[in-house]
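User: I am a first-year student and would like a close look at a single part of this model, namely the enclosed spaces of chain B. Please also explain the strands, the helix and the chain contact that belong to the wider picture.

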Amino acid sequence: MSNIPKTLRYTDSHEWIQDNGDGTVTIGITDHAQEALGDVVFVELPEVGRDIETGEEFGVIESVKAASDLYAPVSGEVIETNETLEETPESVNESPYDDAWLIKVRVADATDLEALLDAEAYAHLIEAEED
Amino acid sequence: MSDLYHTPLHALHEECGAKFVPFAGYAMPVQFPLGVKREHEHTRQRCGLFDVSHMGQILIRGENPALMLEQLVTADIVGLKPGAQRYALFTSNDGGIHDDLMVVNGGDHLYLVVNAACKDADIALLRSGIGTAVDIDVLDDRALLALQGPEAHRVMEALCPEASQLTFMQHRRVNVEDMELWVSRSGYTGEDGFEISVPAHQAERLARLLLEDKDVEPIGLGARDSLRLEAGLCLYGHDIAKDTTPVEAGLGWAIGKARRQGEEREGGFPGADVILTQLSNQDQLRQRVGLIGEGRAPIREGALLYSESGHEIGVVTSGTFGPSVGQPVAMGYVDREYVSLGTVLHAEVRGKRLPLTVSKMPFITPHYYRG
């Protein structure tokens, strides 16, 4: 069973979103996503300062098996990226909710957050996928 | 995956926690709980057990089977000594590669191992080509295991000392308990190791015996692919195919000396005129090369290759991040003027041009046991 922290919000493309309470969010991929991907060997993230739009591809995670696109869960400006992933992409597998956060975004429209899934809805989604 | 074939080890794979993928009509384990990267590293450092029962095993018997098989393959089969194994290529009339295979001289027969995806076509080719002169027996009742890595010798010695004395590309039949095993010292990882043919109904027992050793882990197709790529070995349908010639593929060494221009059994295989002319003139327009990337981004099959001046000059046919190399590794075909070692090329990945250097293969130091 994969780990789905109650405090986070989710997308149907398996990103997690943490509301930092100051108009910014932190974004990563879920435990379920890292497990499905297998061993991650490379993470490509956007430049700081780039504006991303909800649903837009903002990066790529490559596992030994394949490349998988990352989709922006909210619109806003990228204010920080996790540079440690350049050297240790495997932390996406080891610590998807902590060490391996991907980017921080200043959210353009706070109502974007309301459209995201909660932990319960995300758990249902992955259960349905596994059936 | 219900319409896929299962190998005789399917239940054992399930018990070991395998994830399955469809491959050449079979449900095959792509990885075990260890994960592709650790399976790869374990094979390089200790020992991996691979199920390759999806591959085709064929016996050819009859009057002078070696001379007959030479009508279809590039290798010197007549000169292959009893108990020896050799790499060969089935070719087509236009000089392309129909499949690659291993051929063993078993004394009164030849024993062939062919790719799973080409198995049916190979059998048809053998039957239509030489089937009236020799008996072609497809061994659906035998499984095939590969035991690979630096500990493979020790593990085999404990199981069967006489098989552990084989050197690289030697083959013999041995008995372990009541199992008749056909053992070759060969593999597809660049490591020392053995490939073991076993009656299908005894395959699970043999696999369990091997897995009892603390150093042996089951390994899936994912790691098999990264291991063979680091070892510079071609994957049929990707790095070699119907539209690549042996010379373009850098497999001129698989054309036996006796089969070359001016030699005792010159040509005689499909496409020999094209292939032998290309071999002696070295006028092929493109060639397979090894490529090492910078950074960590894997460069995958299908990525286009560009010269420093921006001209499209080739394509990647296999690529991954090489866990043992610690860099992205790839193979591809490039125009002949870009094949020199050290040439810097660029691969297009998601709209970016990533630098790659034409590099010697294998990418790792092989550990074949030559005695």
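Analyst: The following account begins with the cavities and then turns to the surroundings.

The model is predicted. Two cavities of 30 Å³ or more are counted in it. The largest cavity has a volume of about 60 Å³, and the second largest cavity has a volume of about 40 Å³.

The lining of the largest cavity comes from several stretches of chain B. B:Leu9, B:Leu12, B:His13 and B:Cys16 are among the lining residues, and the list continues with B:Phe32, B:Leu49, B:Phe50 and B:Asp51. B:Ala207, B:Leu211 and B:Pro218 also belong to this lining. Three elements of chain B, α1 (10-15), β3 (47-51) and α7 (203-211), each supply at least two residues to the lining of the largest cavity. Of the elements, β3(B) gives the most, with three residues. Sorted by class, the lining of the largest cavity holds nine nonpolar residues, one polar residue and one charged residue.

The second largest cavity is lined by B:Pro29, B:Phe50, B:Asp51, B:Ile219, B:Gly220, B:Leu221 and B:Arg224. B:Phe50 and B:Asp51 therefore line both cavities, because lining residues are those with an atom within 4 Å of a point of the cavity. Strand β3 and helix α8 (221-230) of chain B each give at least two residues to the lining of the second largest cavity. By class, this second lining has four nonpolar, one polar and two charged residues.

Helix α8(B) leads from the cavities to a set of strands. The helix lies across β16 (312-322) and β17 (327-335) of chain B, and runs at about 120° to β16(B). Both strands belong to a barrel of six strands, closed in the order β14-β17-β16-β15-β18-β19 of chain B, with antiparallel pairing. From one strand to the next, the twist averages 45°. One of the pairings in chain B joins β14 (residues 286-293) to β19 (residues 352-359), in the antiparallel sense and over four bridges. Within this pairing, B:Ile292 has B:Thr357 of β19(B) as its bridge partner.

Chain B also meets chain A. In this contact, 14 residues of chain B touch 17 residues of chain A. The size of an interface is often given as the accessible area lost when the parts come together. Between chain B and chain A, the buried area is about 1,300 Å², and carbon and sulfur atoms give 45% of it. Three arginines, B:Arg296, B:Arg300 and B:Arg350, supply 44% of the area that chain B buries against chain A, more than any other three residues.

A pocket has residues of both chains in its lining. This second largest pocket has a volume of about 470 Å³ and is lined by 23 residues, with A:Phe42, A:Val43, A:Glu44, A:Leu45 and B:Lys352 nearest its centre. In chain A, β4 (40-44), β6 (57-63) and α2 (84-87) are the elements that give two or more residues to the lining of the second largest pocket. The largest share, four residues, comes from β6(A). By class, the pocket lining has eight nonpolar, four polar and eleven charged residues.

Chain A has strand pairings as well. Strand β8 (residues 76-81) of chain A pairs with β5 (residues 51-52) of chain A in the antiparallel sense over two bridges, and A:Asp51 stands opposite A:Glu77 there. β8(A) also pairs with β9 (residues 103-107) of chain A, antiparallel and over five bridges, with A:Lys104 of β9(A) as the bridge partner of A:Glu80.

How values were computed. Residues are numbered from 1 along each chain as its sequence is written. Chains are lettered from A and ligands numbered from 1 in the order in which they are written. This is a predicted model: local features need pLDDT of at least 70, side-chain atom pairs count only at pLDDT 80 or more; totals for chains, interfaces and linings use all residues. Side-chain values use heavy atoms; hydrogens and water are left out. On a 1 Å grid over the protein atoms alone, a cavity is a set of points where a 1.4 Å probe fits but cannot get out, and a pocket is an open set with protein on both sides within 12 Å along at least five of seven lines; lining residues have an atom within 4 Å of a point. Grid points are joined across faces, edges and corners, and a volume is the space filled by probe spheres set on the points. Ala, Val, Leu, Ile, Met, Phe, Trp, Tyr, Cys and Pro count as nonpolar, Asp, Glu, Lys and Arg as charged, and the others, Gly among them, as polar. Two strands pair if DSSP finds at least two bridges between them. Axes are lines fitted to C-alpha atoms, for helices over the stretch in contact, and angles run from 0 to 180 degrees between N-to-C directions. Contact means heavy atoms within 4.5 Å. Buried area is the accessible area (1.4 Å probe) that two parts lose on being put together, summed over both.
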